[in-house]
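User: I should like to learn how to read the surroundings of a ligand and the burial of residues. Could you take me through the terms and then the case at hand?

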Amino acid sequence: MKIINTVDSLRAEIKEKKMAGNIVSLVPTMGFLHDGHLSLMKQAKESSDTLVVSIFVNPMQFGPNEDLDRYPRDLEGDIKKCLESGVDIVFIPDVKEIYPKDFQTVVSVKKVSQGLCGDSRVGHFDGVATVVCKLFMMVLPDIAFFGKKDYQQLLLIKRMVEDLNIPIEIKGCEIVRESDSLAMSSRNRNLSPKGREIAPNLHKIMKYGVQLFKNGETKSSIIVSKLKGELESLGFKIDYLEIRDKNLNIVENISLENIIFAAVFLDNVRLIDNLEII
Ligand code: AMP
């Protein structure tokens, strides 16, 4: 496994792999790797000859009052996990490598960036689209893997690739959960022991929403208000809880394949999750 810090050496290494006829895959991450990331790597490994994992906590996608400084990091542990997962190249650039002096270009995917995380984290998706676009240009992978946990982000990347004619196949991977159903996230590390105990209720309450639908309730507003009440009574602070269709259109009358989307704060830690109604 090669650990690479600069774009030049990354390009040289990948050029060699491509000349040898390798299919190249990319899994972009912000590190503090967990089994969610590892499942993306496993799927990427299965569909390519050279697996590139990037580890970069992207300042551009954090707002001024967000948790950039508190974002968990463990490079040594991450490198070990990459090695164990059969990663071929780990790209760990520093901020100056990605955003050199005078950097001024922003990739902005307009409509998909609106609503849900886009409303509560202003500028976040411009940061995501810009860094992912840059990573795509640096690695030029054949396939790139993203988790459905960040569902809006996945749609945004798919839209960007379509809009900019980027010849990369985008694969969405299922959400990986802890045994108590909490969606895996690097941020879970920042929960207090009490918060960690409460956190799995987010998914449980979303499942209760699906149950309400199965019991005959089809009005989104009614289900949403019940779920919000349940969450608040347990101490969750709600950022948003909404039911939308697969393309993120707001729905009032729920049908199968709609998705419950939630973002909440617990101990000042922002948790997101989504659950398809099936
Ligand atoms: P992050 O390091 O949080 O930026 O995540 C890197 C990639 O891993 C993104 O495509 C995420 O959607 C994906 N990911 C994070 N957590 C999970 C999870 N629990 N299950 C599946 N994919 C995940």
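Analyst: A polar contact is a pair of N or O atoms within 3.5 Å; within protein, one must be able to donate a hydrogen and the other to accept it, and residues adjacent in sequence count only if both atoms are side-chain atoms. Here, a polar backbone atom of M184 lies 2.9 Å from a nitrogen atom of the ligand. The model is predicted: local features need pLDDT of at least 70, side-chain atom pairs count only at pLDDT 80 or more, and totals for chains, interfaces and linings use all residues. Residues are numbered from 1 along each chain as its sequence is written, and side-chain values use heavy atoms, with hydrogens and water left out.

User: Which atoms lie 2.6 Å apart at D150?

Analyst: They are an N or O atom in the side chain of D150 and an oxygen atom of the ligand. At M30, a backbone N or O atom is 2.9 Å from an oxygen atom of the ligand.

User: How many residues surround the ligand, and how do they divide by character?

Analyst: A residue is near a molecule if one of its heavy atoms lies within 4 Å of it. The ligand is surrounded by 17 residues, with M30, H37, D150, V176 and M184 the closest. Eight are nonpolar (Ala, Val, Leu, Ile, Met, Phe, Trp, Tyr, Cys and Pro), three are charged (Asp, Glu, Lys and Arg) and six are polar (the others, Gly among them). Helices (H or I, at least four residues) and strands (E, at least two) are DSSP runs, numbered from the N terminus; α2 gives the largest share of the shell, three residues.

User: Is R121 buried or exposed?

Analyst: Buried means under 20% relative accessible area, exposed over 50%, partly exposed in between (1.4 Å probe, protein chains only). R121 has 7% relative accessibility and therefore counts as buried. R121 sits in the loop between α5 (117-120) and α6 (124-139), and its side chain reaches the backbone oxygen of Q61 at 3.4 Å. By contrast, E197 counts as exposed because its relative accessibility is 63%.

User: Where do the buried residues of helix α3 lie?

Analyst: The arc is that of the directions from the helix axis to the C-beta atoms. In α3 (residues 75-84), the buried residues are G77, D78 and C82. They cover an arc of only 135° around the axis, so they lie on the same side of α3. The face turned away from that side carries the exposed residues E76, K80, L83 and E84.
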